[in-house]
Amino acid sequence: MTAPTTAPGTPGTSSSTAVITGIGVAAPNGLGTEAWWAATLRGENGIRRVEAYDASAYPSSLAGLIIGFDAAGHLPGRLLPQTDRCTRLALTAADWALADSGADPAALPEYATGVVTSSATGGFEFTHREARKLWTRGPQHVSVYESFAWFYAANSGQISIRHGIRGASGVFVAEQAGGLDAIGHARRTLRKGSSLVVTGGVESALDPWGFVSHIAGGRVSRRTEADRAYLPFDKDASGHVPGEGGAMLVLEDMSAAVRRQAPRVYGELAGYAATFDPPPGSGRPPGLERAARLALADAGLAPGDVDAVFADAAAVPALDDAEAAAVEALFGPYGVPVSVPKTLTGRLMGGAGPLDVVAALLSIRDGVLPPVAHVDRPVPHHRLDLVRGEPRPARVRHALVLARGHGGFNAAAVVSGAPDLPSAAADPSATFPPVPDP
Amino acid sequence: MNRSVAITGIGVVAPGGIGRKSFWDLLMSGRTATRTISMFDPSRFRSQIAAEVDFVPERYGLTPREARRLDRAAQFAVVSTRECLTDSGLEFAELDPHRIGVSVGSAVGGTTTLEQEYLVLSDSGRQWEVDGSYMSPHLFDAFVPSSLAAEVAAVAGAEGPATVISTGCTSGLDCLGYARDLIAEGSADVMLAGATDAPISPIAVACFDAVKATSPSNDDPGTASRPFDRTRNGFVIAEGAAMFVLEELEHARARGAHVYGVISGYATRCNAYHMTGLKADGREMAEAIRRSLAEARLAPERVDYVNAHGSGTKQNDRHETNAFKDALGEHAYRVPVSSIKSMIGHSLGAIGSIEIAACALGMEFGAVPPTANLHEPDPECDLDYVPLEARPARLDTVLSVGSGFGGFQSAMILTRDAGTTRRAAA
Amino acid sequence: MPRMTLDDLKLILDECAGEDERTDFGSDLLDTSFTDLGYDSLALLETAATTTLRFGVELADEAVTDAETPRQFLDLVNTALVKVA
């Protein structure tokens, strides 16, 4: 058995082009795509001290926290009692993404739309409250909504209901790699006949129980200064800061987007791949480089075509070393600019990959790379061209997004600028053949 | 690339039967494995019944360290993975690990461990600001259930794409559908795929109590799960796992592997209606069935057996009965339909995979599992539900469906591989 | 003896099902069906559970399902309260 060297197709389908036509961002340093992007370019930090409760007894009390999110201002009152914070954020980001795309899923052919999300921690704070009620007051006090506010599929289900989305959907858990898995699968469903998929990931598990569970992973920084706690690829790297938020995207079959005259195409999901690390002691390198190579092959690109890398950035020295080695193996020493906007948000688990995909798309749009914030003593042997200090002007046509999940998961996505539209698109009077109803 | 995907290995951990042989024996006997919850004191709960697995980790090959380290759902996954690897006869050490992937389904992941940890850290709920100084080193693996896929990957030495699919109660079908896609498109040649859940934990039991989805027939646990019966009053929560070796069909044939069946169709749809409610018409499930039949290029009349979701809630059984009529037409009245949840309960995300194991073994041994406890059919559920006793039948094409909170509706078709002969009864 | 009033019910509904400006608490609220008021079966289950805890009454599952309007729900609760007393 040999690995295919080119992008494989899928059963009975086209290998249609998957384009991003809508974006919704909910991040610690900005609510809404443009607010977040401007904050990111300004270097505005979303990492702050937890103040909703007394976290002083914990080894760390910093998190990437979204401040000032008024769920009632964004969502109908009826949705509030039945949703965890992560779902409220996800619903809001999905609303924004769909509004941005100008698409109305309910107006598209039934079953041609889907929701594919990533969630690593489910509705954690909601469950914490209900578990507390159960154990202090008894089973009769547990909310009817606990049965679904808690589970990992809550965001996909609620988004589907809110927007009348009835087609192939899914939910992925692969810690921080899961967000790219979701986007990769969204593209697969387009290839199998869907025309529009709401995809991405939004997380929040920063209540005390969630926060302690993050710390249990053993990779959370114990530093107390918000601008010194999460320093990937820095000599002072001491772990990450957990955060909340993420991004939702509207991923669309390009011909369908053209047909409905989508107001904008941010770019294309050109490649995706996932791998798992070899067992400890195998002597073989971790699977991140291989994921990147497979994603590039899937996109039909060579490393030399890539203008920027959005790194996973674990900020654990050994993991940073491994990622730096993978980037160097692909691109050579200092061979490609490396950007880490998540230094301002903390690690968002299932939300991280999607938010980095957004960063890649906006870098392509605006010709600028956001910096790796706060890092001022790069580890010399990494030989990475870290974008440090100010945002760096750059022409970005193709960007590689990397993500790793605790336990050995690797995923990579290649994001490219909007493809040349079919000639017919230039002529609004042209008619397009109807998209088959899957 | 459009490659066919064969099932060449099966491993099962189910209530009343650990290992595919004893699992199948239970299904053929029509006995029920539902009983009063023994894993904790259920006396304060509305539903006090479950289908529990009598699982002694050491007896099923787990080391004491694995038993301490792994959540119960992960233990089930590891044990069933080992069984399916052996069953497949594949020499995993000789395969390219990069071409082996993992897709594990689970609705609630490490819930049991999470809740136990919570009780310790919160002083039984009294402390909102839980005390992190007592946390277990394994808490994180329960917190983020992709640990399940990592454990399965470690068992098989898989280094291809690996992930957990968590679409609630359709996870067990969706993880197999995903694995099927990865092999079909060429992203992997072999997938370790299947689902696990161990939700018999107070918080899970309490939340289903609250929605009154589970049966309160506490006086007679053995007959509490009564799909399609007029007197049914909810599902019975359960636990378990089923894992499979899925393999590109030509690869399986070339090595002379035993092929249980081919995953020839799969589709999933959402009802976009309600997080827990179902419209009676079963419209989106019908669409998932139609789509999976279309993918398999089969007419509805070719379906020899329908493995129903059959949870035993009032609304589910009507919903899917209507879906079968909608998608299969007149054939719905002729084809045998049964729910093994009548015997082994509803293990949330795991059950879809366990039901596929039942379908594959049914094709293998030429029999349809019965619907236990079905004495008084609901007039609105008027199909042939194979009451009480297993029925011999040659099965060449089998349909299995799942339905879950969030509105997810999934359907999968297994077909006999023309090139495969039936194995003598084990 | 405690009685459940319409105001009590409104409070619990807001708490259990969320406030929503679409809900029109007009004069014939008492006899408008919960469905028309925008409350689904889960909202009513949650409302019934909270009512049970707050007023100390047992409400049979079927009886809750059968209560289609605020008036019927209040009658159910207040009848049960009489029995408790």
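**Figure 1. Overall dimensions of chain A in the predicted model**. Chain A has a radius of gyration of 21 Å, which agrees with the value near 22 Å that a compact globule of 438 residues would have. In this predicted model, the C-alpha trace of chain A spans about 65 × 55 × 45 Å along its principal axes, and the chain contains 13 helices and 16 strands. Buried residues account for 65% of the 438 residues in chain A. Of the contacts in chain A with a separation of 6 or more, 79% are made by residues 24 or more positions apart.

**Figure 2. Helix H6 of chain A and its surroundings**. Helix H6(A), residues 154-163, has nine of its 10 residues buried, so the helix is largely enclosed by the rest of the structure. The buried residues are Ala154(A), Asn155(A), Ser156(A), Gly157(A), Gln158(A), Ile159(A), Ser160(A), Ile161(A) and His163(A). Within chain A, these buried residues pack against helix H3 (85-101), strand E5 (113-118), helix H5 (146-149), strand E6 (170-173) and strand E7 (196-203), while chain B contributes strand E10 (261-270) to the same packing. Gly164(A), with a positive phi near 65°, follows H6(A).

**Figure 3. Contacts of chain A with chain B**. In this view, 71 residues of chain A are in contact with 78 residues of chain B. On the side of chain A that touches chain B, the elements giving two or more residues are helix H4 (124-137), H5, H6, E6, helix H7 (178-191), helix H8 (208-216) and strand E9 (267-276) of chain A. By class, the residues on this side of chain A comprise 36 nonpolar, 25 polar and 10 charged.

**Figure 4. Strand pairing between chains A and B**. Strand E6(A) pairs with strand E6 of chain B, residues 162-165, in the antiparallel sense and over two bridges. Within this view, Val173(A) stands opposite Val164(B), a residue of E6(B).

**Figure 5. Packing of helices H7 and H12 in chain A**. The axes of H7(A) and helix H12(A), the latter formed by residues 352-366, are 6 Å apart, and the two helices pack at an angle of about 65°. That angle makes H7(A) roughly perpendicular to H12(A). On the H7(A) side the contact is made by Gly179(A), Leu180(A) and Ile183(A), and on the H12(A) side by Ala352(A), Gly353(A), Pro354(A) and Val357(A). The residues of this contact between H7(A) and H12(A) divide into five nonpolar and two polar, with no charged residues.

**Figure 6. The environment of Thr345(A)**. Thr345(A) lies in the loop between strand E11 (337-339) and H12 of chain A. Thr345(A) counts as buried because it has 31 C-beta neighbours inside 10 Å, where 20 or more are required. When residues up to four places away in sequence are not counted, Thr345(A) touches Ala27(A), Pro28(A), Asn29(A), Gly46(A), Gly64(A), Gly243(A) and Gly245(A). Ser204(A) is 141 residues apart from Thr345(A) along the chain, and the C-alpha atoms of these two residues are separated by 12 Å.

**Figure 7. Contacts of chain A with chain C**. Here, 11 residues of chain A are in contact with 11 residues of chain C. The side of chain A that touches chain C consists, by class, of six nonpolar, four polar and one charged residues.

Note on methods: Residues numbered from 1 in each chain as written. Chains lettered and ligands numbered in written order. Predicted model: local features only at pLDDT ≥ 70, side-chain atom pairs only at ≥ 80, totals over all residues. Buried ≥ 20, exposed ≤ 12 C-beta atoms within 10 Å, placed from the backbone. Helix = DSSP H or I, 4+ residues; strand = E, 2+ residues; numbered from the N terminus. Contact = placed C-beta atoms within 7 Å. Nonpolar A, V, L, I, M, F, W, Y, C, P; charged D, E, K, R; others polar. Rg over C-alpha atoms; globule rule 2.2 N^0.38 Å. Pairing = 2+ DSSP bridges. Axes fitted to C-alpha atoms, helices over the stretch in contact; angles between N-to-C directions. Parallel < 35°, antiparallel > 145°, perpendicular 65-115°, else oblique.
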